[in-house]
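Colleague: Could you take a close look at one part of this model for me? I'd like to hear about the aromatic rings and what sits around them.

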Amino acid sequence: MAGNLLNKTIDIIKMSLPFLENSIKESRVDFGDNFERIGQDLCSCLFSLYDKDELRYTQAVKGYVKFCIEHLLLQKELEKSGHYKHDDFDRANSEVYGNPEVMEGYYLSGLYLSTIFWPNHLKMFLFFLDKFTKNITIGGKCCEIGVGHGLLISSLLKEREDLSALGLDISMSALNFTERLMLERGINKHNYELKKRDIRSGVPCADSTFDAVISAEVLEHLDNPCSLLMEIARILKQGGQAYITTAIFAASIDHIYLFESADDAKRMILDSGLIIKEELSLPVYSNGRAREKRAPVNFACITEKPYV
């Protein structure tokens with residue numbers, strides 16, 4: 001698969017789902033060099049993860065297409081019913097996180113590629129790189145709760161070689177994908193540790209352990225997201241920061257907790273004792289409004305644990 005791998009990836013997507021072409025064209029214009037640079041990097045890493053096998057890589061890209069179709073169908077159901085497909089974590093865990101056929105078949109590659117091909121996900125990734133990674137204490141300790149495909153924790157350690165990190169996830173498929181991505185991106189094995197953990201049992205660390213915490217697209221996957229936010233506040237040092245994102249009224253096969261507005265998420269974060277320093281509220285649809293109730297929104301924020 002010689003040549004520009006990003007362009008070849010886009011060709012596979014367009015052949016499978018032609019109506020996505022306009023959105024990709026708009027992103028290339030809106031994000032310019034960032035789209036080309038990050039897109040080529042992500043596609044090249046994914047290609048290597050599949051042993052540079054063109055057939056396997058094509059299937060992984062088609063996994064992204066399946067991920068998109070699934071989202072659209074579930075979103076339509078959500079807007080009719082007013083609730084997500086699942087209402088308890090154990091069921092989602094059984095059908096998704098603990099199911100290699102789903103995780104390795106399309107979920108991880110789909111979520112990974114959405115970073116470049118979903119405009120809001122790319123905006124949040126740039127927000128993470130520009131506003132979060134640069135401001136962590138030199139030599140600090142970090143924790144990502146729910147590493148998923150591993151792009152955030154690996155990007156953090158690639159940008160900041162002075163940091164060390166603990167990555168947690170309930171899915172062995174996610175942990176294995178993350179480990180392979182770490183190796184592909186040349187991350188020093190001495191700078192991180194990955195552990196299988198059901199976060200409902202808490203983070204296996206003492207109070208005030210970490211200078212920074214990442215919790216991206218995790219709150220909506222839990223029965224009780226308040227408990228996770230309280231845990232983030234517990235393990236952060238005073239003055240430490242957390243990067244937190246969540247989906248608002250946006251469907252996925254494993255979404256459980258339904259935030260009806262970005263304000264709902266913000267109130268929950270503030271109630272945990274964290275201070276919101278910077279935030280993004282991004283409507284999923286171009287005609288949407290970020291503060292409207294029951295409209296799909298991607299919410300991201302950088303928070304701080306205040307000094308007492």
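**Rings and their neighbours**

Modeller: Let's start with a charge over a ring: in this predicted model, the charged end of Lys141 sits over the ring of Phe210, 5.8 Å from its centre. Arg180 does likewise with Tyr50, its charged end sitting over that ring at 5.9 Å from the centre.

Now for rings meeting rings. Searching the whole structure turns up twelve aromatic pairs. One of them is Phe47 with Tyr57, an edge-to-face pair with 5.4 Å centre to centre and 80 degrees between the planes. Phe47 belongs to helix H3 (residues 33–49) and Tyr57 to helix H4 (residues 54–81), so this pair ties together parts that are ten residues apart in sequence. Phe47 counts as buried because its relative accessibility is 11%, under the 20% cut-off. Tyr57 is buried too, with a relative accessible area of 0%.

Elsewhere, ring pairs join Phe127, Phe128, Phe132 and Tyr243 into a cluster. Tyr243 falls in strand E5 (236–248), and that strand brings us to a pocket. E5 gives five residues to the lining of the second largest pocket, the largest share. Strands E6 (275–283) and E7 (297–304) each supply at least two residues as well. The pocket holds about 210 Å³ of space, and 15 residues line it, with Asn135, Gly239, Gly240, Gln241 and Glu304 the closest to its centre. By class, that lining has two nonpolar residues, seven polar and six charged.

Definitions and conventions: Residues are numbered from 1 along each chain as its sequence is written. This is a predicted model: local features need pLDDT of at least 70, side-chain atom pairs count only at pLDDT 80 or more; totals for chains, interfaces and linings use all residues. Side-chain values use heavy atoms; hydrogens and water are left out. On a 1 Å grid over the protein atoms alone, a cavity is a set of points where a 1.4 Å probe fits but cannot get out, and a pocket is an open set with protein on both sides within 12 Å along at least five of seven lines; lining residues have an atom within 4 Å of a point. Grid points are joined across faces, edges and corners, and a volume is the space filled by probe spheres set on the points. Helices (H or I, at least four residues) and strands (E, at least two) are DSSP runs, numbered from the N terminus. Ala, Val, Leu, Ile, Met, Phe, Trp, Tyr, Cys and Pro count as nonpolar, Asp, Glu, Lys and Arg as charged, and the others, Gly among them, as polar. Rings of Phe, Tyr and Trp (its six-membered ring) pair if their centres lie within 6.5 Å; planes under 30 degrees apart count as stacked, over 60 as edge-to-face and the rest as tilted. Buried means under 20% relative accessible area, exposed over 50%, partly exposed in between (1.4 Å probe, protein chains only). A charge sits over a ring if NZ of Lys or CZ of Arg is within 6 Å of the ring centre and within 35 degrees of the ring normal.
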